[in-house]
Amino acid sequence: MRSGRARLDRTVVQGFYDRMRAVAPAAYGAIERDRAGDPGRAFRDTACGRLAASLDAAGLRALGMWAHHWCMRFYDDDTRVGLRLVREIAGRSGLGWTVDEVRWMLGESAAAGPSAAYRFTLPAAAARELPPAACGERAGERRWVSRSGA
């Protein structure tokens with residue numbers, strides 16, 4: 001990782017991708033259905049809302065990480081539905097975020113750059129559930145979280 005941040009173990013990162021790959025087909029399908037649907041519907045009545053409701057905390061974290069990753073890669077595309085999903089997951093507490101998950105999302109967010117306006121929404125919410133020093137304040141992650149406005 002850049003900026004002197006500690007690198008995450010490759011096995012840990014591969015585990016994230018494996019977990020995200022497990023939810024990706026359902027997540028992509030839900031996002032596409034919601035793009036074609038009524039944007040004013042309550043989240044629980046959307047395909048993304050039904051998918052989120054069907055998952056346990058670990059599955060919801062994987063879905064959040066996938067949606068976050070997807071939005072960071074395609075922020076210049078129409079990601080309104082994906083961003084809504086990210087915001088909904090960010091609004092849930094007690095999902096059991098790990099330090100490594102938060103660090104990975106923070107790294108993704110930093111790499112996306114300032115044009116991805118909502119890049120810190122989910123990692124900031126997840127980081128708030130961790131003990132204050134868990135994200136490595138010396139490495140600057142807490143600074144990113146506090147600047148995010150999320």
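Three short exercises on a predicted model follow, each with a worked solution.

Residues are numbered from 1 along each chain as its sequence is written. Local features need pLDDT of at least 70, side-chain atom pairs count only at pLDDT 80 or more, totals for chains, interfaces and linings use all residues, and side-chain values use heavy atoms, without hydrogens and water.

**Exercise 1.** Find the span of helix H3, and state whether H3 is largely enclosed or not.

Solution.
- Helices are DSSP runs (H or I, at least four residues), numbered from the N terminus.
- H3 covers residues 57–73, which is 17 residues.
- The expected span is 1.5 Å times one less than the number of residues.
- That gives 24 Å for H3, and the first and last C-alpha atoms are 24 Å apart.
- Buried means under 20% relative accessible area (1.4 Å probe, protein chains only).
- In H3, 14 of the 17 residues are buried, so the rest of the structure largely encloses this helix.

**Exercise 2.** Locate Leu106 and decide: buried or exposed?

Solution.
- Leu106 sits in helix H5 (residues 99–112).
- Its relative accessible area is 0%, so Leu106 is buried.
- Phe120 is 14 residues away along the chain, and the two C-alpha atoms are 7.0 Å apart.

**Exercise 3.** Sort the lining of the second largest pocket by class.

Solution.
- The lining has 13 residues; Asp34, Arg35, Pro39, Arg80 and Val81 lie nearest the centre.
- Helices H1 (10–36) and H4 (80–90) each give two or more residues to this lining.
- H4 gives the most, with three.
- Four lining residues are nonpolar, two polar and seven charged.
- Asp, Glu, Lys and Arg count as charged.

Terms used
On a 1 Å grid over the protein atoms alone, a cavity is a set of points where a 1.4 Å probe fits but cannot get out, and a pocket is an open set with protein on both sides within 12 Å along at least five of seven lines; lining residues have an atom within 4 Å of a point. Buried means under 20% relative accessible area, exposed over 50%, partly exposed in between (1.4 Å probe, protein chains only).
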